[in-house]
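Trainee: Could you take me through the aromatic rings of this protein and the nonpolar packing that goes with them? I would love a slow, close look.

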Amino acid sequence: MSEPRISVVIPTYNQAAYLREALASVLAQTMPDWEAVVVNNFSDDDTVEAVESLADPRVTLVNFANGGIIAASRNLGLAKARAEWTAFLDSDDKWRPEKLERCLAAADNALDVVGHGLVMFKGEREVRTILSGPGNKARYRSLLFGGSCMTPSAILIRTEFLKGLGGFSEDRAYITAEDYELWLKMAGAGARFAFIPDLLTDYRIHESSASNSIQLHRDSSLRVVEDHYRAMAGKRWADPIRWRRRIALIHYGAARKFLAAGDHRASRASTFKSLSLFPFTARAYANLLLCLLPLARS
């Protein structure tokens with residue numbers, strides 16, 4: 001078998017129906033010179049059948065217990081990647097047919113990462129489109145103080161560069177924010193980014209009403225920002241203010257999600273925390289009014 005041009009890593013757990021769509025989108029690529037590694041966290045649905053029924057030698061199934069750490073599955077797939085470039089595809093997302101071809105056309109020896117746009121779906125309904133980048137948002141300080149501007153299913157990464165960084169962190173404290181931590185690590189290592197405007201990924205939104213999952217993502221995002229800020233060299237005079245604003249916005253983002261999930265008490269607590277850190281975010285006051293309404297009515 002000849003060496004593929006792109007390795008596709010697909011971690012999965014109990015998403016057989018979505019996985020079939022994800023794999024179908026890979027098989028439909030206009031650039032056929034790829035390999036796909038499906039890293040299955042010992043699903044108890046028909047995930048294995050979904051992969052084996054393809055009977056395509058380009059698709060490999062690896063069963064691996066990741067202990068609840070998706071980064072471990074991604075890293076195992078990365079370790080098996082043979083191509084110069086690696087693309088990650090979450091098993092509940094899917095690609096447009098030109099994804100690999102257009103990313104590869106934009107990639108050259110002067111780049112380490114190519115990002116592109118995505119379309120967000122809630123069920124079958126298109127919610128919004130998001131363009132990754134632009135380049136100035138992929139710099140280390142911009143990522144740290146401004147937040148993520150990429151998502152795993154919408155990038156192409158030079159394999160050796162990523163392996164040299166050790167892949168995704170498997171620190172449990174970063175669970176749900178391990179991709180954001182990787183972007184910071186890549187930018188800090190001098191990664192060369194390029195972003196194309198093509199909408200090449202269909203990104204599925206799962207609305208979770210579980211407050212503990214919102215809290216988990218909030219806490220892991222806070223940990224990533226705090227760890228990187230603490231280790232950052234060459235801090236500037238205004239960086240403590242930027243850092244407080246960034247932390248405040250993470251709490252505000254959690255407050256909005258708590259409100260959408262109907263947890264008004266948690267939303268109020270996160271909003272008050274956000275405003276105590278940085279009282280100049282008008283949106284936080286609007287959210288505070290919304291989560292106080294049930295108290296006013298009672």
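Mentor: Happily; we will go from the ring pairs to the charges over rings and then to the nonpolar cores. This is a predicted model, in which local features need pLDDT of at least 70 and side-chain atom pairs count only at pLDDT 80 or more, while totals for chains, interfaces and linings use all residues. Residues are numbered from 1 along each chain as its sequence is written, and side-chain values use heavy atoms, with hydrogens and water left out.

Rings of Phe, Tyr and Trp (its six-membered ring) pair if their centres lie within 6.5 Å; planes under 30 degrees apart count as stacked, over 60 as edge-to-face and the rest as tilted. By this rule there are five aromatic pairs. In one of them, the ring centres of Phe88 and Phe168 are 5.3 Å apart and the planes stand at 90°, so this pair is edge-to-face. Phe88 belongs to strand β4 (residues 85-88) and Phe168 to the loop between α6 (159-164) and α7 (178-188), so the pair ties together parts 80 residues apart in sequence. Helices (H or I, at least four residues) and strands (E, at least two) are DSSP runs, numbered from the N terminus. Both Phe88 and Phe168 are buried, where buried means under 20% relative accessible area, exposed over 50% and partly exposed in between (1.4 Å probe, protein chains only).

Now look at Tyr229 and Trp243, a stacked pair with 5.4 Å from centre to centre and 20° between the planes. Tyr229 sits in helix α8 (residues 211-231) and Trp243 in helix α9 (residues 239-260), 14 residues apart. Tyr229 has 12% relative accessibility and so counts as buried, whereas Trp243, at 23%, is partly exposed. Ring pairs also join Phe145 to these two in a cluster.

Two of these rings have a charge over the face (NZ of Lys or CZ of Arg within 6 Å of the ring centre and within 35 degrees of the ring normal). Arg74 lies over Phe168, 5.1 Å from the ring centre, and Lys235 lies over Tyr229 at 4.9 Å.

Finally, the packing: a nonpolar core is a set of buried Ala, Val, Leu, Ile, Met, Phe, Trp, Tyr and Cys residues joined through side-chain atoms within 4.5 Å. The largest has 41 residues, and Met186 is among those touching the most other members. Helix α7 gives the most to this core, six residues. Apart from it lies another core of 26 residues, including Met31 and Trp85.
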